[in-house]
Every structure is written in structure tokens, then in C-alpha cells.
Amino acid sequence: MLIEFALIPVAGLLAVSLAAILAGGRPSISAPVYGASAILCALVAITGLAAMLGGGVSTTVLPVGLPWLGAHFRLDALAGFFLVVVGLGGAVASLYAIGYGRHEREPWRVLPFYSAFLGAMSLVVLADDAFSFLVSWEVMSLLSWALVLAHHRENENRRAGYVYLMMAGFGTMALLLAFGLLSGGSGGYAFDAMRETARTPAIAAAILALVLIGAGSKAGLVPLHVWLPLAHPAAPSHVSALMSGVMTKVAIYGFIRIVFDLVGLPSWWAAMVVLVLGGATAALGVLYALMQHDLKRLLAYHTVENIGIIFIGLGLALAFQSNHQTAGAALAFTAALFHVFNHSLFKSLLFFGSGAVLTATGERDMEHLGGLIHRMPATSIAFLIGCVAISALPPLNGFVSEWLTFQAILISPELPQWGLKLSIPTVGALLALSAALAAACFVKAYGITFLGRPRSKAAERAAEVDRFALSAMFILAGLCVLAGIFPGFVIDALAPAVASLVGGQMPTQTAVPWLSIVPIAESRSSYNGLLVFIFIAASATIAALAIHRLASRAFRRSDPWDCGFPSADPATQYTAGSFAQPIRRVFGTLVFAAREKVEMPPPGDTGPARLHVTLRDLIWDWLYQPVAIGVTVAATRLNALQFLTIRRYLALVFATLVLLLMVLALWS
Amino acid sequence: MELIADLAVQGVQMALVLLLAPLLTGLVRKVKARLTRRQGPSLIQPYRDLLRLLKKEAVLAHNASWLFRVTPYLVFAATWVAAALVPTFATGLHFSWSADLIAITALLASARFFLALAGMDVGTSFGGIGSSREVMIASLAEPAMIMITFTIALIAGSSQLSTIAAFMLSPEAGLSVSLGLALIALVIVAIAENARIPVDNPATHLELTMVHEAMVLEYSSRHLAMIEFAASLKLLLYLSLIACIFVPWGLAGHGAGLGAYAFGIVTYLAKLAIGGVLIAVFETSIAKMRVFRVPEFLGGAFMLGLLASLLLFVVQSQ
């Protein structure tokens, strides 16, 4: 029953896109398109919430797609949860875009694709057979590619679109092969048939590898992340928010659906692979993010880090599951899903904020920003909440999911396999490192962009953005706070989805006194976001009131002190590059092969001194560059085959046929 | 009855840390002065400084934002809440379940996050240099602290500080290599987190060597008082943390009598005094290191923490 309620608004989204195409994407239809998308996405989210809390399964078959197969759709608790993520993210992004979309110079390059992109993401989550899954996945990829190219006149964006298209095609091909292996010899494309098929460990391993490539490349798992920081920032900001906050989550859904649901019981080394990839992704993602000075690219790299954190949670869940420790698996899986939800909130919020900055100043480069806290007061508050949340600081939501992941690590020493014993603490250390570096990264992002003095005329003249954009940001900021101080409700809402996949769930949290969260037992660990929030708010307020009352409340404005040498020139401030310099010195030579070269003018010369910093993406150099070179070399060699006469072509066809027949004869 | 006792213990603890923190700072300064053959200010000089600062008019830069004015109170509040949750003289803190050691570490990280932002608010070069170096130090000190937490939580079977202290008091707790590694790492982290020599110098006024002090350079009067108070509280917090994990003797158990509480307070004061003297002796006997030596120092703590928890993971198989 619920599935129809979910499919109707999805069909509505596709219809809105069609209407936008028919209307030719005129600027005047921008507000109606985004308004309709917002309402339809809200309906999708509500249906998802109902499915997620109800925990039931509802399926349907539509007579479209392959003639003998039809399109199977299914809405269970897991799909419900991801439908909430897609619907909520889509609704808020559409609300934001009602205002933001007005600044779009070429709306006909965005509007026709936008709603269908949202619809396709919902369909991936709802699909219940390989064919509909892959078609929805590919449509989602292609539409997002079209949106990335919305501003195609910038060279950088064209390159981003090209790399994205290559990676998306490669990823879908891997998924196609994975589904081929999943359906086995019987050729059952429906997920139900795949669940019942038995497989050998070798096949299961091949499936895992293919899914890691297919879903991992879409999610941004290292080393398949290279397209993500190019493509996500290139799109208009509300689409960037959807790509980073929602589409990566759809990829995570694909991974969970196949690995946890369709393949069957995992083995411990599969868990180890996922854990190690997750740990590497988290640490490398945040280090890359720290080195960026383009605000949107910084956020995109940060998505890579958060995907790593989610994969660490999933890897832990696999590790516990392979050893039949249901309680641990439930804890780790809940942590992963909680982080999926959290990241969809704060990453969308931060991309909206960067979009607001872009609207107000026309700048994405932090080196040209500064002092926006005075000119965009509301945006700066929402962005600050997003920064605190993503830096995993209590009492906001990012901390809760990382805390749960740490708790899962703390109960893992009982796992018997040596590989896990050595990799889990190491991955824990990487997680701790990336959490701390994330805080450094967002001190930089916020401090350089919003604090200090304006570094350009554009930043000086910035003005606050419209109400739609602000309300979208504050909805998400509010949800970040609520999920942080009432985490028990989120955990309980996730319980049916967790139970359906790992066969157990965390203890009911809302029954715990004072709304604490207790993963295993209170004697082991507990955390209470609400009390921490109240304590901090109360003691800060009491301290401020008491001091203002009893001691002094007087203040006056003056020039800054700056050790007696305040300079009026904003160029004397720290820049994004100089802020990250100490961390670049610590990690840079190892991770980026960072080189610094100082050119000093000779004594007496008043010319400028220069500092050249070069950073290289070693993964790009070592993994992608050789592949690109190989493809180019092969293509050049084969180029000769393009200019043959018809006789030679016929000879070639004949030779191939003979060769294949011989192979076939020898094979049997 | 037990609830009232627990609440009373919690209340006394909150007041106690607030009252003792400046005294500890005063003690360290006094001992350092005596060791370098100076008279030194009186023990209660930090209280006088705080009162004097509180009564003064605040001077704000023209472009200081609301964040700059709110941060001192937030930093003070977060540090105070964290310090109130570390057992000092008794384990039965009523609210100890509201945050475990990971959450306490993260609370301190929240305080630092805002302080680092405030350092960049006015847009001066010193504020920037301070913030930038502070987050560099924190980005290694925090993971080291998490690894130490892992180690201790794996030994005690809990990351809840009251439970850890109770476990360390019980006969089950014994000596182990991991515990020793964790102690060394924790001392290194405590030195770095509190901006003590050799990582940073709380008394320096040579600008380029400052980290923490450069970050709060623009603060004056009541705002500065809050930040200094928070710094004293943090020093007290780390000493209490080391004391309650590694030398828990004298801690009053859950629901103990008045005599036990009194004994707990006396032993706590003794531990603080010893800790304060040790800091002073250590600081006078060592030189400050260059800022880019600090990552190696802290990386050592991080690796020790990782090694300690790896050992525990390996041992638990038998």
C-alpha cells in the first residue's frame, strides 16, 4: 500500500521535469518547478518515514521495463530511511532554490533535469530488481552529469563533466557485472530471487569488489573519489548540496542493499577490506579538504571524509556480523545510518551556505572573502551550526554518530580474527585523526570566510540572501541541533531498518531515563546530549549574567591591539593557505608530495618575495595517469585500423571469426 | 537519600573545581618562581587578577563580532562542565553518565573550536598565527587523547570516568604495559593541551613564540578573565584526570560516609599539590621546543596510544 504512496510523488517529480521541458525552461517557471518539487519531495519523505517506523514491507510490480520482467518496486524499513534522506534533502534544496534559482543565468540548463534527478534518486531506493535499479541509477548519474554541466562555459566545469562521465560509466558497468554475478546461472533479476540464490565465497568476493567499485565510485571512496571534488562544486549550489548530501547516500544505499541484503553472510576479510578503505578515505579526504581554498571544493573533499566514516561503521557491522555478534553489528550499523542522516543534513546546509556566499559576493575562493559575519548575520549563524555539527563537536549531531562508532570499536576486541584485531584499532586511530582534522578544517573554512576583515571589494559589499534560502538553512540547522540533543529518538527510529538487515537492534533508547543514549549498558558508556547542552547553556548564561550584574558590563570600541602594530591592510591577515601551512608541513610531504619554494629578492631590491607551494594528488599521479596514458597509447596504435580498404576489413572480420571458432573448439 | 548524596557530591565538585583552579595556577607560578630564585607572586594572586580583570571596562576592536564576545563564556562553560564530570574526591558524581571520557575530550575540543575562531575574528596576523598553530597542535593531541581513552576503556571495560576510577580502585586493576604507555601519552597530551613548556609557554610575551597567548591577544577585561579562568580549569581537569585514573587512592566510593568524603578531599588536595610542584619542576628544567618539533612530540603520544590499544586488542584473544 505504502509503495503506491511513494511512487505517486515520484511520478509527479518526473512529470514536473517533463512540464519544465515543454515550457522550455523559461525563467518564469523556476519558482513553480522548485515549489512543486519541494512539496512532492516532502510527500516522498513522509511516506519514507511511515515505512521506516512501521517496519513492514510493501511491494508492487508495474508493467513497464523489460516485457517478461516488469518493474518491481519495494518499500521496506531500509528503503524508507533512505527515502527520508532523499525526500528531506530534496525538499529543503528545492525550498532553497526558490530563492537561489532566481540568480541562475541559464535556467533552461537546470530546470528540466532537476526534478527528474530527484525522482531518479527515489527510484534507485525503491527498485526491487536489477533492471529498474540499474536504469534508475544510470538516469540519476546522467541527469546529475547534465546538472554539473549547467555552467559549461567554464573550462574547469567541462573537465569535471568529462571525468565524472567516465567514472559514472565505469561505476555502472561494475554494478552491471555485480548484478550479473548475483543473478547467477538462473538469471533471476528480481532481488527476491537473488536473496535465495546460494553462492561460493569466490563469487561473493567478486561481487563485493565490483560493488565497492560501482557504489564506492559514486559515493567517493578513495581511490575512486577523484571525480567528486571536481563535479560536486561545478553544479549550481542546490544541486551540489543534493549531489554531496543525498546522491552519495543513494550510493551507500546501493552498497548496503547488495552487500548486507542480497549477498548473504559476509566473511571477516570482506569486513577488513571495507574498514581499511573507509579509514583511508576518512583520513585522506579531510587532509585534501584542508588544503583547499575554494569553499565548495573544500566541502566536496569533506564529503569524501564523511563517506569514509560511514564505511568504517559499515565495515565494523560486517565484522561483527561475520562473527555472529548481533549486538555489536546493530550498534555499528546504527552508527553508520545515523551518520548517513547527519551528513545529509549538515553537508546540504554547508553547501547552501556556500551558495549564499556565492550569490552575495560572486566568490568561491576563500582568499577573496572575509568579514561576512557582519554583512550576512543570519547565514553566518546557520553556517556556524553546520561547521560545529560536521566537526563532530558536542552537543550537535555529528558527534553522536562518531561517538557511536567509537563505542562499536570499543566492544570489538572480542572478535577472534587477527586481521580484524590489527586493523580495527588502526582504523579507530584514523577516525580519531580525521575527526580532529575536520575541526581544524572548519575553523579554517569559517574563520577565513566569515571572520576577520573583507579581503575584496565583493566581500565588503555582500548583502544577506533571500528568505527562502535562509529558511532552508535554518530548517537544516534546527534539525542538526535536534538530532544532537535528542539522539535517542533517531536511534529508535532507525531500529526497524537495522533489525531487518543485521537481525538485531540496539536497546530502546527513549525508555532510558533523562533521554540518555546507552549503546550497551550504562556501566560501559552513556551520553546525554540534552544535559550537556543544558549544562553549557546554563553555565554560560549564568556566568555572563553574574558578571554583567555584579562586576562590569561596560565596553568601548578601539583599534585592535595586535601587539601594538595593527595594520589597516586586510592583506596582513592570515589567509586560507597560511592557516593550513602548519598542517601541510606535518602531513603534506607524505600525502601530497608538497613542495615549498621561496624566492627572495636580493638585499636592497624592493621587489616582491614569492612563495610557491605545489601539491600533487598522488592517487591521480599513480593510478589514473598510467591508465590514461595506456588508453592513449592503445588508441594511437589502433588508429591505423581506421583507414583500411574494404578488402582488408573483410579479411579482418574473417580472421576474427576463425579465431573465435577455434577458441570455442579448443574450449570444449 | 542516595540521590541527595550524589547530587551533593556533584554540587560540591562543581564548586570545588571552580575554587581550586586559580589556586593551582598560583601554586605552579609560585614554585616556578622559587625554583628560579625569585620571590614570585603570592599564591592567591590569580584570584586577585581575575577580580581585577572582571571589574575593568572591556576594549573591543571595531570589527569584533558577536562571536568574539560570546566565545569567552562558551569556553568557560564547556571547560567547567567537563571539569565537573571528572571525579576529583569521590566517584559517585550524579551526572557522570551524561558524558564519558570521549565526550569530555570532545567538549574541550568544542571550547577550542570557538576560541580558535575568536582568534581569527578581528583579523590580525597574531590572532591568525595563534589559531592556526593551536588547531595544528590539537589535530594531533585530540586523536592521541582518543587512543588513550580507548586503552583505558578497554582495560576498565568502560569509558565512563566514575566506573574507570572505581575499577582502578578495585583489586582487579593491575600493572600493565598498556597502562604505562597510556600514562606517558596522557602526560604529553596534558602538557600540549594546557599550553605548557615545552610545547607552548603560558608566561611568554615574545610574540612569535606564543600559540595560545597569541590567539587570545585581543581579549581584555571580563572576557580575558573568563579565558584565563577556563585555562586554569583545564589544567586542574587534566591533573584530576591523571589522578583519578592512575592514582585513584583516597577517592570516596559511591555512597560513602562523610568521613570518606573529607578524606577524599584531603587526598585530592595533596595530589593536586604534588602535581603542581611536578609541573613546575618539569617546566623549569626543560627548554621550549620549536613549534615544528611539536608534531613529533605529539605524534609520539599518538603512536604510544595506538600501540597501547593494539596490545590490548591482541591480548584479549586468549
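Start at B:Lys55. Select this residue and you are in helix α2 of chain B. This is a predicted model, so read every stop on the tour that way. B:Lys55 is exposed, because its relative accessible area is 61% and the cut-off for exposed is over 50%. Now add B:Arg222 to the selection. The two residues are 167 apart in sequence. In space, B:Lys55 and B:Arg222 are 7.1 Å apart, C-alpha to C-alpha.

**Next stop: B:Ser221**

Select B:Ser221, in helix α9 of chain B. Check its backbone: phi is near 45 degrees, a positive value in a residue other than glycine. Is B:Ser221 buried or exposed? B:Ser221 counts as buried, because its relative accessibility is 3% and the cut-off for buried is under 20%.

**Across to chain A**

Show both chains together. The contact draws 80 residues from chain B and 82 residues from chain A. Between them the two chains bury about 7200 Å². Carbon and sulfur atoms carry 72% of that area. Which residues of chain B lose the most area to chain A? Select B:Trp97, B:Phe113 and B:Phe313. Together these three make up 11% of what the chain B side buries.

Now look for polar links. There are 31 residue pairs in polar contact across the interface, with both residues at pLDDT 80 or more. Colour the side of chain B that touches chain A by element. These elements give two or more residues to that side:

- helices α2 (45-55) and α3 (66-84) of chain B
- strand β1 (58-61) of chain B
- helices α4 (101-121) and α5 (125-156) of chain B
- helices α9 (221-246) and α11 (294-315) of chain B

Pick out α5(B): this helix supplies the largest share of the side that touches chain A, 18 residues. Recolour by residue class, and the side of chain B that touches chain A divides into 50 nonpolar, 19 polar and 11 charged residues.

**The salt bridge**

How many salt bridges are there between chain B and chain A? The count is 1. To see a salt bridge between the chains, select B:Glu57 and A:Arg556. Their closest N and O atoms are 3.0 Å apart.

**A strand pair between chains**

Stay with that part of chain A and select strand β3, residues 555-558. Add β1(B). The two strands run parallel, joined by 4 bridges. For one facing pair, select A:Arg557 and B:Leu60: A:Arg557 stands opposite B:Leu60 in β1(B).

**Two cis peptide bonds**

Go to A:Pro223, in the loop between α8 (201-219) and α9 (228-234) of chain A. The peptide bond from A:Val222 to A:Pro223 is cis, with omega near 5 degrees.

Then jump to chain B and select B:Pro198. This proline sits in the loop between α7 (177-193) and α8 (212-215) of chain B. The peptide bond from B:Ile197 to B:Pro198 is also cis, with omega near 10 degrees.

**Last stop: A:Ala392**

Return to chain A and select A:Ala392. Where is this residue? A:Ala392 lies in the loop between α15 (377-390) and α16 (397-410) of chain A. Its phi is positive, about 60 degrees, although A:Ala392 is not a glycine. A:Ala392 counts as buried, because its relative accessibility is 9% and the cut-off for buried is under 20%.

Terms used:
Residues are numbered from 1 along each chain as its sequence is written. Chains are lettered from A and ligands numbered from 1 in the order in which they are written. This is a predicted model: local features need pLDDT of at least 70, side-chain atom pairs count only at pLDDT 80 or more; totals for chains, interfaces and linings use all residues. Side-chain values use heavy atoms; hydrogens and water are left out. Contact means heavy atoms within 4.5 Å. Buried area is the accessible area (1.4 Å probe) that two parts lose on being put together, summed over both. A salt bridge is a side-chain nitrogen of Lys or Arg within 4 Å of a carboxyl oxygen of Asp or Glu. A polar contact is a pair of N or O atoms within 3.5 Å; within protein, one must be able to donate a hydrogen and the other to accept it, and residues adjacent in sequence count only if both atoms are side-chain atoms. Ala, Val, Leu, Ile, Met, Phe, Trp, Tyr, Cys and Pro count as nonpolar, Asp, Glu, Lys and Arg as charged, and the others, Gly among them, as polar. Two strands pair if DSSP finds at least two bridges between them. Buried means under 20% relative accessible area, exposed over 50%, partly exposed in between (1.4 Å probe, protein chains only).
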